Amino acid sequence: MSLPTPTLKTPRLLLRPFAETDEDAIFALQSDTHVLRYWDSPPWKELAQAERFILACRQMEVDGTGARVAIERIADRGFIGWCSLSRWNPIYRSAKLGYCLDEAAWGNGFATEAAGALLQWAFDTLDLNRVQAETDTRNVASSRVLEKLGFVREGILREDCIVDGDVSDSWVYGLLKREWNR
């Protein structure tokens, strides 16, 4: 069963399906060592990784496993990152939230705004009961985004990731539909 990638609008943002024209922007984001310092995989080294990323977004749609959207500012149509719901399971009515934003967009509430719009779509359209998210325990800003959205910290995954020899733990967060307050 396919799952069409939504196009969503907030007061400041447009969330839309990825296009080939996003390759350079997504490569710049995913190759930034500072942006990805708490990520669960190393920064990209080749532009071909951006092409594969966009193809994977389309495959998620075809397979019906989730939706990953590009985030752009409405004011200037500038690409600032992405947000996703992956591992959609219609039987368990669950999915996993993820997002990554360019450093220049940090501190403006864009992650909360984008993730909030995608969560609203997911609870309304997919009838989800639970959304899970994980973040590196050192990533205080991401933890704040999740908590602003109403997620509850449920536990820790000890030594969950090893990236370039750096071992890190992850917080696990959960949000139930009955707790969603939009």
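**Cores, pocket and salt bridges of the predicted model**

Leu176 is buried, with a relative accessible area of 17%; the cut-off for a buried residue is under 20%. The model described here is predicted. Leu176 belongs to strand S8, which spans residues 166–176. When residues up to four places away in sequence are set aside, Leu176 touches Phe123, Asn129 and Arg130. By contrast with these contacts, a separation of 26 Å lies between the C-alpha atoms of Leu176 and Asn108, which are 68 residues apart along the chain.

The largest nonpolar core comprises 37 residues, and the members that touch the most others are Leu97, Leu119, Trp121 and Phe151. At least two residues of this core come from each of strand S2 (13–16), strand S3 (67–73), strand S4 (79–89), strand S5 (94–101), helix H3 (110–125), strand S6 (130–136), helix H4 (140–148) and strand S8 (166–176). Helix H3 gives the most to this core, with 10 residues. The surroundings of Leu97 were examined further. With its neighbours within four places in sequence left aside, Leu97 is in contact with Cys83, Ser84 and Leu85, with Ala115 and Leu119, with Val131, Gln132 and Ala133, and with Leu146 and Phe151. Two of these partners, Leu119 and Phe151, are named with Leu97 among the members of the largest core that touch the most others. Separate from this core is a second one of 13 residues, which includes Leu29, Val35, Trp44 and Cys57.

The largest pocket has a volume of about 1,200 Å³. Its lining consists of 46 residues, and those nearest the centre of the pocket are Trp39, Tyr99, Cys100, Asn139 and Ser142. Two or more lining residues are given by each of S4, S5, H3, S6, H4, strand S7 (152–163) and S8. Helix H4 gives the most to this lining, with seven residues. Sorted by class, the lining of the largest pocket holds 20 nonpolar, 14 polar and 12 charged residues.

The structure holds 13 salt bridges. One of them joins Arg16 to Glu72, with the closest N and O atoms 2.8 Å apart. This pair links distant parts of the chain, given that Arg16 is in strand S2 and Glu72 in strand S3, at a distance of 56 residues in sequence. Arg16 and Glu72 are both buried. Strands S2 and S3, in which these two residues lie, are also among the elements that each supply at least two residues of the largest nonpolar core.

Two further salt bridges involve Asp127. In one, Arg93 pairs with Asp127, and the closest N and O atoms are 3.5 Å apart. This pair, too, links distant parts of the chain: Arg93 is in the loop between S4 and S5, Asp127 is in the loop between H3 and S6, and their positions lie 34 residues apart in sequence. Arg93 counts as partly exposed because its relative accessibility is 30%, and Asp127 likewise counts as partly exposed because its relative accessibility is 34%. In the other salt bridge, Lys177 pairs with Asp127, the closest N and O atoms being 2.9 Å apart. Lys177 lies in the segment after S8 and Asp127 in the loop between H3 and S6, so this pair ties together parts that are 50 residues apart in sequence. Lys177 counts as partly exposed because its relative accessibility is 31%. A network is formed by salt bridges that share partners, and it joins Arg16, Asp22, Glu72 and Arg77.

Backbone geometry was considered for two arginines. Most residues other than glycine have a negative phi. Arg87, however, has a positive phi, near 55°. Arg87 is placed in strand S4 and is exposed, with a relative accessible area of 61%. A positive phi near 55° is also found for Arg93, which occupies the loop between S4 and S5 and is partly exposed, at 30% relative accessibility. Arg93 thus combines this backbone value with the salt bridge to Asp127.

Methods
Residues numbered from 1 in each chain as written. Predicted model: local features only at pLDDT ≥ 70, side-chain atom pairs only at ≥ 80, totals over all residues. Heavy atoms only, no water. Core = buried A, V, L, I, M, F, W, Y, C linked by side-chain atoms within 4.5 Å. Buried < 20%, exposed > 50% of the residue type's maximum accessible area, 1.4 Å probe, protein only. Helix = DSSP H or I, 4+ residues; strand = E, 2+ residues; numbered from the N terminus. Contact = heavy atoms within 4.5 Å. 1 Å grid on protein atoms, 1.4 Å probe; cavity = no way out; pocket = protein on both sides within 12 Å on 5 of 7 lines; lining within 4 Å. Points joined across faces, edges and corners; volume = space filled by probe spheres on them. Nonpolar A, V, L, I, M, F, W, Y, C, P; charged D, E, K, R; others polar. Salt bridge = Lys/Arg side-chain N within 4 Å of Asp/Glu carboxyl O.
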